[in-house]
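Hi,

Here is the structure I promised to pass on. Have a look at it first, and my notes follow below.

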Amino acid sequence: MTTHRAAAAVLALALIGTVNPPRTQAQAPAQKPAAPEPAPRWPDGRINLGASKDQKGYWEIRPGLGGFPRAADVPFQDWSRALYQYRTSTADLYPPLVGCKPAGGPGFFNAPGFEVVDVPELKSVFLLNIAGPHSWRVVYVDGRAHPPRENLRPTFFGHSIGRWEGDTLIIDSIGFNEKQWLAGSFPHTEGLHLTERISRPNLRTFVYEATIDDPGAYTKPWTARWTINEKSASSWIAGGEMFEYICQDSRE
């Protein structure tokens, strides 16, 4: 009797499975991600690193842009390492930028943001910083060379000349004073030779690389690099316009 009942139960389950087969969820066809919007270009095809007539916007910076190597990987000289360690171990010691002083090179790109204004008629590229003392940098792309170092007056931004290699703007700068810190707490001397590379692979991506060559502070050149894109906290603010941001000096 038990055997007959078990067989009947198995047969019933088999029939139920045949009449009402288990439902399977239809698989939606995979969709390819949308291609990134292309970066704006000038009529001659050259890349535009900033806003254009048809694509207004600016680059917004949020804390944590980073891009610098670990201190252990930076080729300090003994004195520059000691100064870096002192700066980073003292809680109430802040970079000059916090006191509304200009910052050149990597330190220029700070919150809340910046804009790149390319003026072909002047053969110059202007980097405009919303933060700090509302400062700007001029990059000459007219083919000129640097003046002799002995003729340069050391400044916060140095003397910058630029050239294009494909879609990459290369900025070569010398003539810095020693009143600023490189982004973070890294020291430098007046012998600093800074090479920056800026590119824009698509509308919302900005790639920055800086090579620090300063024999007075480091044993060999070294590089910092960061990228703004759709996944980063910093971003391209499409349709946005640069706004007023007041830097107040708290030091009395």
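A residue is called buried here when its relative accessible area is under 20%, and exposed when that value is over 50%. Please keep in mind that this is a predicted model.

Let's start with helix 2, residues 78-89. Its twelve residues should span 16 Å at 1.5 Å a residue, and the end C-alpha atoms are indeed 16 Å apart. The buried residues of this helix are Ser80, Tyr84 and Arg87. They share one side of helix 2, because their arc around the axis is only 65 degrees. Asp78 and Ser89, on the other side of helix 2, are exposed.

Next, the salt bridges, of which the structure holds 13. In one of them, Arg204 pairs with Glu37, with the closest N and O atoms 3.3 Å apart. Arg204 sits in the loop between strand 7 and strand 8, and Glu37 in the loop between helix 1 and strand 1, so this pair ties together parts 167 residues apart in sequence. Both ends are partly exposed: Arg204 at 24% relative accessibility and Glu37 at 40%.

Arg46 and Asp118 form another salt bridge, at 2.4 Å between the closest N and O atoms. Here a loop between helix 1 and strand 1 is linked to strand 2, with the partners 72 residues apart. Arg46 and Asp118 are both buried.

Finally, what does Ser199 of strand 7 touch? Leaving aside residues up to four places away in sequence, its contacts are Leu49, Asp167, Thr168, Thr205, Phe206 and Val207. Ser199 is buried, at 17% relative accessible area.

Best wishes

How values were computed:
Residues numbered from 1 in each chain as written. Predicted model: local features only at pLDDT ≥ 70, side-chain atom pairs only at ≥ 80, totals over all residues. Heavy atoms only, no water. Helix = DSSP H or I, 4+ residues; strand = E, 2+ residues; numbered from the N terminus. Expected span 1.5 Å × (residues − 1). Buried < 20%, exposed > 50% of the residue type's maximum accessible area, 1.4 Å probe, protein only. Arc of directions from axis to C-beta. Contact = heavy atoms within 4.5 Å. Salt bridge = Lys/Arg side-chain N within 4 Å of Asp/Glu carboxyl O.
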